[in-house]
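Here's a walk through some local details of one model, from backbone angles to charge pairs. Have the sequence and the structure open as you read.

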Amino acid sequence: MQQTDNSEDYSHILEYGNEVLVHLSSIRGRAVRPASRSTLLGQHAAGYVADVVRAPTQAVSYIFHPKAATGHALVVRTITRARYLGAAGEDALLAVVEDERGAVHNLRVYNLHFGRDVANVLPAGAVLAIKEPYCEAAKESTSGIRSWKTTFPDDQVRSPSEELKDRGNDAFKNKLYRTAVSDYSNALQYEHDAALEISLLLNRAQAYLQLGSFAAAVSDAEQVIRLSSGQANEKALFRGARAFYFMGHFSDSLRLLEQLTAAFPKNHEAKALLAKNISRMEEQKTGKYDWISLVSEARKPTPRADVADYLGPVALSDGLLVAKNDIKAGELLLCNKAFEVLYPPELKDEERVLVYDATRSIIGQGEGWKLTQKIAVKILDNPSLGDGIFALGKDLKVYDEENSVENVTVIDGRAVIDVNLIDTIRESYATPFPAIHPLLPSNSPPAQGLGIWPLGSRAHIKHSCLPNAARSFLGDILILRACRDIPRGERISISHVHPALPLEERRSELARPPGTPCACAFCAVEEKEGPAVRQRRVELVQRVKGLSERAPAENLRTDPGRDEATRPDDATVREVAREPRFPLLEPLAYLFACYLYLGPNFTEDALHTNARYLVALGFSFEYKSSPDAANEKSGGGDMLLTQHGYYHPFIIKTLVQQSSVCWQLGKRRTANAWKRVAENATEIVAGHRRLFKEGYSGVYASLKWEL
């Protein structure tokens, strides 16, 4: 923009501007809102009283397409003295101008560093030629001219701070956020005025947000708020609120947003973030989530839920989760969002490489190391978030020595990271997970990932083959529910290793660092039996597996062509069935399938076999009235679950089979009782009962049974 006289005829330029205005209005599908001279001057008077007021005229806010304006200029005259918009969060001057036809516009001028001498930079009555006129729609009801590059004949040489700011802006536009941060930081080292300092801090805060350096963004935003001398700075408040939100500091975010919405009630982005903050705080307090949205997010290829952590009726005591009060089966104990996760689609081909770790002389896959890198970068950028990760490293061996570092060390505002310690923690505690329970029927397989959940790790939740809680996942959210009644003070436990594995295999898996020994009653019984009995059991299970491969259950269909020789070896099944424990699960599942395929005459046998499967898992149940004695009208009698057992991943399918077989036998009340148990089991095993209807509605629809 250049200051000039008004001796030339610029009518063709104004005609061009009107043509662009009509064109742009038409492609936007709306008319540009007219603004009178008195309206614009009245808005401007909120900061200053207009110096010059002429007769009211009807004016239109010009909107120019930036490329089409190349090679043109627009002549205007300022009719107010300029005012600075720093308090509104913009590093710009605002003045009201009129063109040669008397149309009135708002003029914003950016990238013009003027110190405190605002009035002398754009005084009232100055005639200006705006080269390549360019404007974007503003937030207010009328839009005006925006000038991004300004030059005056008497401009002084630009300061190093200004040059570095421009370099930082260019880097930001090219998504080189770390370069932008470096340029803004270097600019702050030089002498500068308050307005430029505010602009640099705001720009750097935005770059920090893009990098995920939320703590640094908060620091810059709060510094701008202090420099604004009590005036609300829209950008600083919003960027600080966003940074607090992403750090999970929802009360701090809420504090800034309340100030922001009070000062700038038309900021719709702030209102939306305020509503999200209120939802997150409610989740933290009550554990009430929008489960429908969580399930929908979990079905995406790389799900990441926007929720808060919930810690329910449990607390850490000596580093372990314990019940704070008596807990009922199925109750939500905690929801923990992953500190970091990694999904296969996020890995590029060149990142799938073998990595040699010289400290431990091992070769590892690149996927694990990529997760290590993500964890380290997050802690580096947000040291306050890293204590939960570093606490997991206590007593782990790093460089063949036990680690004693439990907290993040911060020097000059930056975390000190030992990447080998982070990798050891990742290797010990990172968990492969399905985004949705994989055994639930679905049109497509769920996403698989690798993540780390500090609160849901083995460091805080011990292993038991007979646990009192069950862990599940919905996207990157770890969900922990009680799978039986838990008395106050009892430690929370889950099965980190499947209890159906042989004792030796379970112990070998649990011995991996950091080591999680198990002394549950089930392990004690198997230990007492001795290796010979355990080996015999393994051999019998293998015989059943071989039998199921030689004689698949579907070959036993009751049709004229079936081969009677494929009937299961009853002696083998009875031999295995003498000891009702986890090894019985596979033989009983096979026997149940055989009875189903043998036809209607064996349906009751299938029902009893499925019940034995549940007993083998540790469940107990009783009927209020005998289902065999109940007449058809009673629907088979009610069933009550009297003891919870181990919630095996296949238990939902088993309970669905039990309810559907009862329904086919006409035992409708009994079938409904089993269906209720199946719904509760889905909530415990898969995270929420909504997944039951989604997964099994087709099964019940085939029975003409509405869920």
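## Two positive phi angles

S229 sits in the loop that links α7 (214–227) to α8 (234–247); helices here are DSSP runs of H or I with at least four residues, strands are E runs of at least two, and both are numbered from the N terminus. The phi angle of S229 is near 55 degrees, which is positive in a residue other than glycine. Most residues other than glycine have a negative phi. S229 counts as exposed at 67% relative accessibility (buried is under 20% relative accessible area, exposed is over 50%, and partly exposed is in between, using a 1.4 Å probe and protein chains only).

K175 tells a similar story: its phi is near 65 degrees, again a positive value in a non-glycine residue. K175 is in the loop between α4 (160–173) and α5 (177–187), and it counts as exposed with 62% relative accessibility.

A word on the ground rules: this is a predicted model, with local features needing pLDDT of at least 70 and side-chain atom pairs counted only at pLDDT 80 or more, while totals for chains, interfaces and linings use all residues. Residues are numbered from 1 along each chain as its sequence is written, and side-chain values use heavy atoms, leaving out hydrogens and water.

## Aromatic pairs

How many aromatic pairs does the model have? The count comes to 16, where rings of Phe, Tyr and Trp (its six-membered ring) pair if their centres lie within 6.5 Å, and planes under 30 degrees apart are stacked, over 60 edge-to-face and the rest tilted. F172 and Y177 have ring centres 5.2 Å apart and planes at 70 degrees, so this pair is edge-to-face. F172 is partly exposed at 23% relative accessibility, whereas Y177 is buried at 17%.

The pair F692 and Y696 is tilted, because the planes are at 40 degrees, with ring centres 5.7 Å apart. F692 and Y696 are four residues apart in helix α23 (residues 690–702), which means about one helical turn separates them. Both F692 and Y696 are buried. Elsewhere, F214, Y245, F246 and F250 come together in one aromatic cluster.

## Charges over rings

Two residues with charged side chains sit over aromatic faces. K378 lies over the face of F339, 4.6 Å from the ring centre, and R668 does so over W663, at 4.0 Å from the ring centre. The rule asks for NZ of Lys or CZ of Arg within 6 Å of the ring centre and within 35 degrees of the ring normal.

## A four-stranded open sheet

One open sheet has four strands in the order β10-β13-β25-β24, paired antiparallel. Its edge strands are β10 (310–311) and β24 (469–474), each of which pairs on one side only. Two strands pair if DSSP finds at least two bridges between them.

Strands β13 (residues 332–337) and β25 (residues 477–482) share five bridges in the antiparallel sense. Which residue of β25 is the bridge partner of C335? That partner is I479. Strands of a sheet pair through backbone hydrogen bonds, either parallel or antiparallel.

## Salt bridges

The model has 28 salt bridges, each being a side-chain nitrogen of Lys or Arg within 4 Å of a carboxyl oxygen of Asp or Glu. K374 and E346 form one of them, at 3.9 Å from N to O. K374 is in helix α12 (residues 366–381) and E346 in the loop between β14 (340–342) and β15 (354–357), so the pair ties together parts 28 residues apart in sequence. E346 is partly exposed at 28% relative accessibility.

R481 and E683 also meet in a salt bridge, at 3.9 Å from N to O. R481 lies in strand β25 and E683 in helix α22 (residues 668–686), so here the parts tied together are 202 residues apart in sequence. R481 is buried at 5% relative accessibility, and E683 is buried at 14%.

Back in helix α23, R690 and E694 are four residues apart, about one helical turn. Their salt bridge has its closest N and O atoms 3.2 Å apart. R690 is partly exposed at 33% relative accessibility, and E694 is partly exposed at 32%. Finally, salt bridges with shared partners link R481, K675, E679, E683 and R689 into one network.
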